[in-house]
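Please work through the following exercises with the sequence and the structure side by side, trying each task before reading its solution.

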Amino acid sequence: MARPRNQEARKRELIAVTSRLLIERGQGGARLVDIAEAASLTPAAVSYYYPDLADLYADTYETAIAEYSTRRREHVAHIASPAERLTECIALGVPRTGTSSHAATVLLMELSALALRQERILASGVEFEAEQLDLFSEILESGALTGAMRLQYDVLETARAILAVEDGIAIPVTAGRLPADDALRVSLSVASSLTGANLLAGRP
């Protein structure tokens, strides 16, 4: 039997492999046999670490949202202006092809579809939404306190509206129906109307 430390390392490897397969092929290409082949293991070996494939998907989802949330917070943490911080935060949420945001969005979309049947993924999704709302709310509160923003609604409602636009626009962007630049312009226009700040200033 593998030592606990080695077990955790192998699980991290399987999570990385599963993430890549889900992004590249979708759920249909991330079955047990696919994961085993990509990890150079037998299906039985994968099942040793994850007797239930649903747990591997759940761990993959939790890892993805933790990395996404951390990356987003760190990227905007040192931007002083609330308006510029909100602009950059929204820009990071647009899934441009070839970026980590695009890969993360595709992965989260693939796994979010399982939330109706898997309680762990549902619970993680609730936490993920709360984390994104907290980040937007912090920026909006800072903007309101400094006078840089004039919110039309309360902080949480405004944060929910901005996040709803982000979530809704992600599908047509990843599907190739809406160019990323157009999606960003729409998202910033909506956020500008909600905050009273010109988030489109200086953008083409």
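**Exercise 1.** In which helix does Thr 60 lie, and is Thr 60 buried or exposed?

Solution. The model is a predicted one, and in it Thr 60 belongs to helix α4. Its relative accessible area is 0%, and because the cut-off for a buried residue is under 20%, Thr 60 counts as buried. Once the neighbours within four places in sequence are left aside, the residues in contact with Thr 60 are Ile 15, Thr 18, Ser 19, Leu 22, Leu 107 and Leu 111.

**Exercise 2.** Determine how the axes of α4 and α7 are oriented to each other, and describe the residues that make the contact.

Solution. Helix α4 covers residues 53-76, and its axis comes within 9 Å of that of α7, the two crossing at roughly 5°. Because angles under 35 degrees count as roughly parallel, α4 is roughly parallel to α7. The contact is made by residues that include Tyr 57, Tyr 61, Ile 65, Tyr 68 and Arg 72 of α4, and, from α7, residues that include Ile 121, Phe 128, Leu 135 and Phe 136. Sorted by character, the residues of this contact comprise 10 nonpolar, 4 polar and 9 charged.

**Exercise 3.** Which helix holds Glu 166, and with which residues is Glu 166 in contact, leaving aside its neighbours within four places in sequence?

Solution. Glu 166 is part of helix α8, and with a relative accessible area of 10% it is buried. Leaving aside its neighbours within four places in sequence, Glu 166 is in contact with Tyr 68, Arg 72, Cys 89, Ile 90, Gly 93 and Phe 136. Among these partners, Tyr 68 and Arg 72 of α4 and Phe 136 of α7 also take part in the contact of α4 with α7. By contrast, the C-alpha atoms of Glu 166 and Glu 8, which are 158 residues apart along the chain, are separated by 34 Å.

**Exercise 4.** Check the length of helix α9 against the expected span, and work out where its buried residues are placed around the axis.

Solution. Helix α9 has 16 residues, 180-195, and at 1.5 Å a residue it should span 22 Å, which agrees with the 22 Å between its end C-alpha atoms. Its buried residues include Ala 180, Ala 183, Leu 184, Ser 187, Leu 188 and Ala 191. The buried residues cover an arc of only 165° around the axis, which means that they are on the same side of α9. An α-helix has 3.6 residues a turn, so residues three or four places apart point the same way. The buried residues of α9 pack against α5 (82-92), α7 (119-146) and α8 (155-174). After α9 comes Gly 196, with a positive phi near 75°.

Conventions. Residues are numbered from 1 along each chain as its sequence is written. This is a predicted model: local features need pLDDT of at least 70, side-chain atom pairs count only at pLDDT 80 or more; totals for chains, interfaces and linings use all residues. Side-chain values use heavy atoms; hydrogens and water are left out. Helices (H or I, at least four residues) and strands (E, at least two) are DSSP runs, numbered from the N terminus. The expected span of a helix is 1.5 Å times one less than its number of residues. Buried means under 20% relative accessible area, exposed over 50%, partly exposed in between (1.4 Å probe, protein chains only). The arc is that of the directions from the helix axis to the C-beta atoms. Contact means heavy atoms within 4.5 Å. Axes are lines fitted to C-alpha atoms, for helices over the stretch in contact, and angles run from 0 to 180 degrees between N-to-C directions. Angles under 35 degrees count as roughly parallel, over 145 as roughly antiparallel, 65 to 115 as roughly perpendicular and the rest as oblique. Ala, Val, Leu, Ile, Met, Phe, Trp, Tyr, Cys and Pro count as nonpolar, Asp, Glu, Lys and Arg as charged, and the others, Gly among them, as polar.
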